Amino acid sequence: MNLSQLINHDLILLDVTADTKDSVIETLAAQLKQTGALHDIEAFKEAIFARENQGHTGIGFGVAIPHGKSDAVSTPRVAFARTVSDVTWDEQSGERAQLIFMIAVPESQAGNEHLKILQMLAVKLIDDSFRAKLLSATSKEGVYALLTEE
Amino acid sequence: MKLLAVTACPTGIAHTYIAAEKLKKTAADLGITIKVETRGSIGVENEITPEEIMEADGVIIAADKDVEKERFRGKRVLECSVADAIHKTESLIKRFQDGEVPVYKDKTEKADAAIPAEGKELKQESKVKRYLYRDLMNGVSFMIPFVVIGGLLIAISIGLGGVPTDKGFVIPEHSLWKTINDIGTVGFQFMVPILAGFIAMSIADRPGLAPGMIGGYIAANGSFYGSAAGAGFIGGIVAGFIAGYIAKGLKALKVPKMIQPIMPILVIPLLTSLAVSLIFIYIIGAPISALMEALTHFLNTMQGASKIVLALILGAMITFDMGGPINKVAFLFGAAMIGQGNPYIMGPIATAICIPPLGMGLATLLNKRKYYPEEQEAGKAALAMGLVGITEGAIPFASRDPLRVIPSIMAGGMVGSVISMLGHVGDSVPHGGPIVMLFSAIHNIPMFIIGIIAGVLVTAFMVNALKKPVSDQQ
């Protein structure tokens with residue numbers, strides 16, 4: 001059981017030039033749509049922004065995990081973007097993010113397996129050296145290997 | 001030192017676990033043992049046992065949703081947001097090391113603390129405020145559609161079908177407008193019960209809903225306690241909080257296993273409904289009719305006094321509770337004066353009547369950032385209600401944020417009322433708002449309009465100066 005069930009090379013975007021939080025979200029959502037993870041991209045983005053409004057999803061150290069649980073999602077997926085320079089994730093606290101994981105989860109999901117996987121991802125992200133490797137990886141393949149290693 | 005923690009976030013996908021991980025890591029760095037219970041979409045994991053609670057030196061609750069705290073009674077409990085647990089982990093744990101964290105008290109004491117009477121610690125107080133705000137907000141957001149539907153239907157039927165008489169605007173019986181007006185009235189009748197019911201539900205979950213609605217209904221209907229007017233939306237808020245905390249208190253009772261299944265659907269709602277209703281009828285209700293009598297008497301004695309003082313008092317009374325008992329007294333006083341051939345009391349009252357909804361409506365247009373989307377919609381409806389003199393249009397705003405909104409609408413109402421009084425504005429129909437002008441019931445229309453505009457501007461600018469942007473409110 002690992003992240004390979006939820007992410008693939010198409011869902012890893014490096015050197016993203018977006019310079020605002022909204023455009024990063026747009027980019028990642030569009031990518032999820034393209035890989036067939038979403039029925040309805042607008043409804044999904046609504047869920048994402050609704051969650052951000054409840055409290056932004058930055059977790060510090062340049063990482064943000066916007067996530068939407070919605071009927072608009074057909075299969076659970078994770079998309080990852082590394083931006084060229086970090087973007088402001090929260091106006092108020094001035095928190096910035098460069099490593100952004102967008103999580104799409106269907107509203108009703110039998111089985112919790114994918115949630116377990118996301119939990120593992122969260123745990124990994126707390127680790128300083130893991131983040132350093134993510135930042136310095138030079139290819140999609142490298143990032144994929146990092147994310148899917150046990 | 002041994003700590004426990006509970007993490008929970010609204011969607012329960014990511015931050016519940018990140019906070020948990022960050023807490024574990026930081027605690028390990030500081031040489032502290034910690035066990036973290038996570039409450040995410042998967043359900044409860046790593047659940048804390050009673051033995052662990054016994055042994056623990058403190059508990060961190062990092063949650064953006066409700067977490068059962070009763071089991072931590074008597075422990076040092078620190079509540080914070082999930083974000084704080086992620087970003088300020090170290091300082092949270094340090095607060096336990098420095099012995100700064102207060103001991104969590106039992107439920108019933110906390111219920112009393114909802115009215116911050118004792119000189120409690122500041123942080124405790126701000127937490128109580130946060131809960132009060134959350135419960136109010138829940139009630140208000142369910143109430144808004146009822147206010148909007150009721151207010152707009154009544155506004156339309158009065159505007160298009162109303163005929164001014166010395167008893168106010170009357171809509172002819174057996175007309176379509178009368179039927180529409182009746183439908184709108186139904187919306188208004190639900191307003192206070194819904195407000196009270198969903199405040200109670202926010203406090204005590206489902207068992208609070210029915211008692212809150214029943215208590216709210218009684219609050220809004222003075223006939224239960226021999227009063228000419230109900231207790232209005234303020235009474236509804238009071239009923240909602242009473243019902244909520246009684247139900248919450250009953251939920252915390254330890255009962256034999258056999259009774260447990262019927263507690264939430266039978267025992268708690270039944271006992272709470274009885275309690276809140278009886279409290280309202282015998283303890284809160286009776287003083288309301290006495291208060292109304294006293295105010296009526298007071299206004300009668302004011303007749304000879306300074307006109308400006310009288311106008312200030314009337315403006316404040318009309319706007320204070322918007323359809324509640326104090327508003328009613330002032331309104332009936334003005335109507336009685338018309339009957340005695342003096343329309344110059346009703347003039348200032350008619351001015352003040354429309355200022356809360358028009359002022360709040362304008363305020364939402366002037367600064368959108370300070371209002372939730374649903375409030376912006378309610379603001380537009382309030383403008384329509386204001387034009388036909390339905391003061392209730394401002395109730396959603398006043399219920400959600402009474403301490404900022406009520407003073408602002410009172411200030412506007414007082415300004416408008418005084419200008420009308422000085423301008424010798426008369427109104428020979430017991431009704432308020434610009435609509436009265438259409439029926440040539442107003443003497444000195446220019447000053448009436450100036451009074452309304454001045455009052456509306458005062459309300460709108462004052463409330464926007466006092467309010468913070470929505471994003472800062474949480």
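Where in chain B does D135(B) lie? In this predicted model, D135(B) is part of helix 6, which covers residues 122-161 of chain B. D135(B) counts as buried because its relative accessibility is 1%, under the 20% cut-off. Leaving aside residues up to four places away in sequence, D135(B) touches F198(B), I199(B), S202(B), I203(B), F241(B) and Y245(B).

## Chain B as a whole

Chain B contains 17 helices and nine strands. Its C-alpha trace spans about 80 × 45 × 45 Å along the principal axes. Of the 474 residues in chain B, 53% are buried. Among contacts in chain B with a separation of 6 or more, 70% join residues that are 24 or more positions apart.

The area exposed by chain B is about 20200 Å², and carbon and sulfur atoms supply 65% of that area. Chain B carries 41 positive and 38 negative charges, and the mean positions of the two sets are 2 Å apart.

One pair of residues gives a sense of distance within the chain. L291(B) belongs to helix 10, residues 263-302 of chain B. The C-alpha atoms of L291(B) and A8(B) are separated by 47 Å, and the two residues are 283 residues apart along the chain. L291(B) has a relative accessible area of 38%, so it is classed as partly exposed.

## The interface with chain A

How many residues of chain B are in contact with chain A? On the chain B side there are 19, and they meet 25 residues of chain A. Together the two chains bury about 1900 Å² between them, with 65% of this area on carbon and sulfur atoms. In chain B, the residues that lose the most area to chain A are I13(B), H15(B) and I42(B), which together account for 30% of what that side buries.

The rule finds one salt bridge across the interface of chain B and chain A. K25(B) and D128(A) form a salt bridge through their side chains, at 3.7 Å from N to O.

## Salt bridges

Side chains of opposite charge can pair when their charged atoms come close. Over all chains, the structure holds 21 salt bridges. In chain A, E26(A), E42(A) and K45(A) are linked in a network of salt bridges. Three pairs within chain B are listed below.

| Pair | N to O distance |
|---|---|
| K35(B) and E52(B) | 3.0 Å |
| K69(B) and E79(B) | 3.8 Å |
| K467(B) and D401(B) | 3.0 Å |

The salt bridge of K35(B) with E52(B) has an N to O distance of 3.0 Å. This pair links distant parts of the chain, with K35(B) in strand 2 (residues 33-40) and E52(B) in helix 2 (residues 50-55), 17 residues apart. K35(B) counts as buried because its relative accessibility is 19%, which is under 20%. E52(B), at a relative accessible area of 24%, is partly exposed.

The side chains of K69(B) and E79(B) also meet in a salt bridge. K69(B) sits in the loop between strand 4 (58-63) and strand 5 (77-80), whereas E79(B) is in strand 5 itself, and the two are 10 residues apart. K69(B) is buried, at 8% relative accessibility.

K467(B) and D401(B) make up another pair. K467(B) is in the segment after helix 17 (445-466), and D401(B) is in the loop between helix 15 (395-400) and helix 16 (402-422), 66 residues apart. Is K467(B) buried or exposed? With a relative accessible area of 4%, K467(B) is buried. D401(B) also counts as buried, at 8% relative accessibility.

## Two residues with positive phi

H174(B) and N444(B) are treated here for their backbone angles. Phi of H174(B) is near 60 degrees, a positive value in a residue other than glycine. H174(B) is located in the loop between strand 7 (168-170) and helix 7 (176-204) of chain B. Its relative accessible area is 80%, so H174(B) is exposed.

For N444(B), also a residue other than glycine, phi is positive and near 65 degrees. N444(B) lies in the loop between strand 9 (442-443) and helix 17 of chain B. N444(B) is partly exposed, with a relative accessible area of 33%.

How values were computed
Residues are numbered from 1 along each chain as its sequence is written. Chains are lettered from A and ligands numbered from 1 in the order in which they are written. Side-chain values use heavy atoms; hydrogens and water are left out. Helices (H or I, at least four residues) and strands (E, at least two) are DSSP runs, numbered from the N terminus. Buried means under 20% relative accessible area, exposed over 50%, partly exposed in between (1.4 Å probe, protein chains only). Contact means heavy atoms within 4.5 Å. Accessible areas come from the Shrake-Rupley method with a 1.4 Å probe; for residues, only the protein chains shown count as cover. Lys and Arg count as positive and Asp and Glu as negative; His and the chain ends are not counted. The place of a charge is taken as NZ of Lys, CZ of Arg, CG of Asp or CD of Glu. Buried area is the accessible area (1.4 Å probe) that two parts lose on being put together, summed over both. A salt bridge is a side-chain nitrogen of Lys or Arg within 4 Å of a carboxyl oxygen of Asp or Glu.
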